[in-house]
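Reader: I'm new to this one, so please walk me through it, strand by strand.

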Amino acid sequence: MDPVRVASSEITPEERFVSRRALLAGGLGLAAVQSLGSFAGAAFGQAAPSPQALAFKRNAALSVKEPPNSYQDITTYNNYYEFGTDKSDPAENAQHLRTRPWAVTVGGEAEVTGSFDLDDILRSNPLEERIYRLRCVEAWSMVVPWVGFPLAALLQRFKPTSKAKYVEFRSLYDPKQMPGQRSGVLEWPYVEGLRIDEAMHPLTLMVVGLYGKVLPNQNGAPLRLVVPWKYGFKGIKAIVGIKFVERMPHTTWAGSNPSEYGFFANVNPAVDHPRWSQATERRIGSGSLFASRIPTLPFNGYADQVASLYSGLDLRRNF
């Protein structure tokens, strides 16, 4: 896929979502850091304010040319079982999740480990916007303007050792705030993982925003993973733990139903889900359930950038 510049008119007017304050040298501006905690007031009985703008730069070179889905599409049609199994449940049930204070614990095969405040992490990782395709295993898709920073920039700070072959991610476990965790639909907390080379790839993004604004709770606030060439269930939300490990992690969906959800989860139109075809997809926002479908692209259209990661690997067996 050739890099394509996306006109701002294809997204939203600049003044609607770019912070008036510039990036501080070497990190995220104070206004943006403060705005990332804008949902915290809801936990104390205050009305949740509308998401505030973030300071960021656009990365056109790593963005796709398709126009993004609407903010409404992206924030009301979600897979997030911690808040319910229906697509509308997260938007309805996630609004009171407390996203500040928020700490991320780092452990395993690394020289630097411990508990790190998310706002401290953000101050040293300038944000950028990337427009990525999102493809879910249920054969629906979106185009999303994420705001975040490269996962590699974060992981390198912890100095993983030569034993670190994989990176394991763990989400928040709090059934009082996440009603879906009171059910046995999945094993909690949610766990996902990547090979270290996948985690360090330039396309792999840690996300804190959407459409230039603070990430809504139903989309994974305050910190989620986006790996655009993989199915959406790899994009773990509400991350509280990162661990460098030597062996492939036991991940939630692969452990729950290994015949349907593999560890790699690379988008592959030639490998069907046991209950439906993956050869085509329905773009959310394109009309009814019977709207014309579009062909699914290998690696979700990112094959030129990532196919070399899997040279020699049988992608039918390692799905």
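**Around strand E4**

Reader: In which sense do strand E1 (residues 57-58) and E4 pair?

Author: Strands here are DSSP runs of type E, at least two residues long, numbered from the N terminus, and two of them pair if DSSP finds at least two bridges between them. E1 and E4 have two bridges, and Lys57 has Glu128 as its bridge partner in E4. The sense is parallel.

Reader: How far can I trust this, and what is the mean pLDDT of the protein chain?

Author: This is a predicted model, where local features need pLDDT of at least 70 and side-chain atom pairs 80 or more, while totals for chains, interfaces and linings use all residues. Residues are numbered from 1 along each chain as its sequence is written, and side-chain values use heavy atoms, without hydrogens and water. pLDDT is the predictor's confidence in each residue, from 0 to 100, and it stays under 50 over residues 1-47. For the protein chain, the mean is 87.

Reader: How many residues of E4 (residues 128-135) are buried?

Author: Buried means under 20% relative accessible area, with exposed over 50% and partly exposed in between (1.4 Å probe, protein chains only). Glu128, Arg130, Tyr132 and Leu134 point one way from E4, Glu129, Ile131, Arg133 and Arg135 the other way, and all are buried. So the strand is mostly covered, with side chains alternating between the two faces, as in any regular strand. The count is eight of eight.

Reader: Which residue in E5 stands opposite Arg130?

Author: E4 pairs with strand E5 (residues 140-150) in the antiparallel sense over eight bridges. Opposite Arg130 in E5 stands Trp146.

Conventions: Contact means heavy atoms within 4.5 Å. Helices (H or I, at least four residues) and strands (E, at least two) are DSSP runs, numbered from the N terminus.
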